[in-house]
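Me: I'm new to reading protein structures, and I'd love a close look at one part of this one. Could you walk me through it slowly?

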Amino acid sequence: PVEPGTHHIRYVDVVNKGQVAAEFEFVKKESMNFEIEPASGRLGPADSDDCFMRVKVLFNADDLGIQRGMCEVKVNGSLIDEVLDISALVVRHSLELISAEGRG
């Protein structure tokens, strides 16, 4: 869980397992509090030095509750079956201390 009003960054590795270079693009299906950087790029063929790329997923925890976004993925201009499914649970954190005698 994350707290409202906070910003979070996670990383996702995008890997080309095919034998030829490929261009990819993340396509947001709806508006969401997540951003992906870079949202597109080019990957070399499998086992090459440039066959993977680490992308940054940024999240602004503005609203309470479960936040979820789905990004479709295009490879060489065509949608593929894989999606990037991103979710976060935004909750208020609190701490309450009670004495052993139960007086607050």
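Which residue in β4 does F24 stand opposite? Please start there and show me the sheet around that spot.

Reply: Happy to! Keep in mind that this is a predicted model. F24 stands opposite G41 in β4. Now let's look at the strands on either side.

F24 belongs to strand β2, which covers residues 22–28. On one side, β2 pairs with β4 in the antiparallel sense, over four bridges. Besides the F24 and G41 pair, you can look for E23, whose bridge partner in β4 is R42. In general, strands of a sheet pair through backbone hydrogen bonds, either parallel or antiparallel.

β2 also has strand β6, residues 65–75, as a partner. These two run antiparallel and are joined by five bridges. Here F24 turns up again: its bridge partner in β6 is V75. So F24 is a handy place to stand, with G41 of β4 opposite and V75 of β6 as a bridge partner.

Walk on from β6 and you reach β7. Ten bridges join β6 to β7, and the two run antiparallel. One pair to find is C71 with L84, its bridge partner in β7. β6 and β7 form a hairpin with two residues between them. In that turn sits N76, which has a positive phi of about 50°.

Put these steps together and you have an open sheet of four strands, in the order β4-β2-β6-β7, with antiparallel pairing. The edge strands are β4 (40–43) and β7 (78–90), each of which pairs on one side only. Neighbouring strands in this sheet are turned by 25° against each other on average, with direction ignored.

There is also an open sheet of three strands, with antiparallel pairing in the order β1-β5-β3. Its edge strands are β1 and β3, and each pairs on one side only. Between β3 and β5 there are four bridges, again in the antiparallel sense. To find this pairing, look for E37, whose bridge partner in β5 is K56.

Next, see what strands from both sheets contribute to. The largest nonpolar core has 18 residues, and F26, F34, I36, F59 and I86 are those with the most contacts inside it. At least two residues of this core come from each of β2, β3 (34–37), β5 (52–61), β6 and β7. I36 makes a good example: leaving aside its neighbours within four places in sequence, I36 is in contact with F26, V55, K56, V57, C71, L84 and I86. You have already met C71 and L84 as bridge partners.

Finally, look for some empty space. The largest pocket holds about 330 Å³. Its lining is made up of 16 residues, and V14, V15, V73, V75 and I80 lie nearest its centre. V75 is the residue we found earlier as the bridge partner of F24 in β6. The strands β1 (6–15), β2, β6 and β7 each supply at least two residues of that lining.

Note on methods:
Residues numbered from 1 in each chain as written. Predicted model: local features only at pLDDT ≥ 70, side-chain atom pairs only at ≥ 80, totals over all residues. Heavy atoms only, no water. Pairing = 2+ DSSP bridges. Axes fitted to C-alpha atoms, helices over the stretch in contact; angles between N-to-C directions. Core = buried A, V, L, I, M, F, W, Y, C linked by side-chain atoms within 4.5 Å. Buried < 20%, exposed > 50% of the residue type's maximum accessible area, 1.4 Å probe, protein only. Contact = heavy atoms within 4.5 Å. 1 Å grid on protein atoms, 1.4 Å probe; cavity = no way out; pocket = protein on both sides within 12 Å on 5 of 7 lines; lining within 4 Å. Points joined across faces, edges and corners; volume = space filled by probe spheres on them.
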